[in-house]
Amino acid sequence: MATVEQGVIEFDAGDSVHGHQVSIVPMSGEPLEVKVGPDVTMNQLKVAVAEKKRIEECDFYLIPVGQHSLPVGTALVSSVAEGDVTIMCMARHRTLEKYESEAGKAWQQLAATLQNQDVDDATALVSLRSFLDSYPSLINFQARYADAKDFKPLLSFAIEGVRDISLRQQCVDTLLSSGARVHIRHSHGFLVDEAEKSGSAFFEYLKSKKDEHEQYEAEAIAAWRNVSSKLCGETSTPVYDEGEMTKIVTDFCQQYPAMVNFQNNHACDASDDRPYGYFGYAPLLAFAGGRACRERRGHEGESEISRLTAFQALLRHGARVDVEHGGKNVLEWMKSEGSHIAEWLECQFKLPMPEHVPFEFTKESK
């Protein structure tokens, strides 16, 4: 009888090969039958299973049945063996990297649907509600659609060039009731102005909504700029205590969840909201990673974990890392700013995405 060598892993080896039998049970499909040598570790088995299944090894766990916690990767498979056959469950999960990739694709698909005037309002509304159920914090996220040069929020795609207001009325009202800002801009201009230029039938409707929401939206952006300036230290009232900063961020996210992925700047022309800060139209995550910015302003106590807990709070509230501004994305800006949490963030991409705090949008004070 052949014997599996010390560090060897063989799939479907059969009874003719001697070695410890491991049966790996996936969420669907047939179990994987494996014979492992005595020196095989959990990490080695996981790599082999990933190659066999043609999936990323960071997309699943191997959990021995009867174990109350995950074994460490360096543990020998033989150390968790019970009886002649060890049964392991294959638990799939989404990494932060995969979540962001899926969210980006879903946003692009929804943008395409909203601007496609061959798609009726009721059909588009189904897609919109499904997206907002999964990615509510992207309500004011601005990005390029396909090969376009302009960064726009979802509301822009629903209203620009629309000649008949009934074509997107339900979608527009759903976006507005979910926290979409009317007074929002990017480098090409304000949303309402672009609606007028495109000849949109929604222009007058949006003007009235702008007036209706004016006080709330002004308070929201003022609160956003208070947080962004404190995160990067560009303020006359700097925050040095990390616990205090994290509380400021958490309170903001709870009060204004639709602003978590809003992109602008506290360094801006007050007359037209146009940023002149070098970050450009940046999200709060970028300001949290602005280490060089804080150091230039004599930030006291800057360390390897400065703004880490604030950064984590933003992620829990649905903040997106893959946001382009000023020619780079958030992670690239963090590296150029010398942020110590850039390395931590790269590791997080390969781990399960953090559990999100429930998204509860309201214009009432909390």
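What follows is a conversation about how some residues in this predicted model are described.

Colleague: Where does Arg94 lie in the chain, and why is Arg94 called partly exposed?

Modeller: Arg94 sits in the loop that runs between β7 (85–92) and α2 (96–115). Its relative accessible area is 35%, and since buried means under 20% and exposed means over 50%, Arg94 falls in between and is therefore called partly exposed.

Colleague: What makes the pairing of Arg94 with Glu102 a polar contact?

Modeller: The two side chains come to 2.7 Å in this contact, and because the cut-off for a pair of N or O atoms is within 3.5 Å, the value satisfies the distance part of the rule. Glu102 is also among the residues that Arg94 touches once those up to four places away in sequence are set aside, and the others are Tyr99, Tyr135, Leu351, Pro352 and Met353.

Colleague: How many aromatic pairs does the rule give, and why is the pair of Phe252 and Tyr256 called tilted?

Modeller: The count comes to 14 aromatic pairs. In the pair of Phe252 and Tyr256 the ring centres are 5.5 Å apart and the planes meet at 40°; because rings pair when their centres lie within 6.5 Å, and because an angle that is neither under 30 degrees nor over 60 counts as tilted, this pair is tilted.

Colleague: How do you know that Phe279 and Trp333 are a tilted pair as well, and where does each of them lie?

Modeller: Their ring centres are 4.9 Å apart and their planes stand at 55°, so this pair is tilted. Phe279 belongs to the loop between β11 (274–275) and α9 (284–288), while Trp333 belongs to helix α12 (residues 330–336), so that the pair links distant parts of the chain, 54 residues apart. Both residues also belong to one aromatic cluster, together with Trp224, Phe262 and Phe287.

Colleague: Why are Phe279 and Trp333 called buried?

Modeller: The relative accessible area is 6% for Phe279 and 8% for Trp333, and because buried means under 20%, each of these residues is called buried.

Colleague: What makes Arg181 a charge over the ring of Phe262?

Modeller: Arg181 lies over the face of Phe262 at 5.2 Å from the ring centre, and because the limit for CZ of Arg is within 6 Å, the distance part of the rule is met. Arg185 lies over the face of Phe190 in turn, at 4.9 Å from the ring centre.

Methods
Residues numbered from 1 in each chain as written. Predicted model: local features only at pLDDT ≥ 70, side-chain atom pairs only at ≥ 80, totals over all residues. Heavy atoms only, no water. Helix = DSSP H or I, 4+ residues; strand = E, 2+ residues; numbered from the N terminus. Buried < 20%, exposed > 50% of the residue type's maximum accessible area, 1.4 Å probe, protein only. Contact = heavy atoms within 4.5 Å. Polar contact = N/O pair within 3.5 Å; in protein donor to acceptor, adjacent residues only side chain to side chain. Phe/Tyr/Trp six-rings, centres within 6.5 Å; stacked < 30°, edge-to-face > 60°. Lys NZ or Arg CZ within 6 Å of the ring centre and 35° of its normal.
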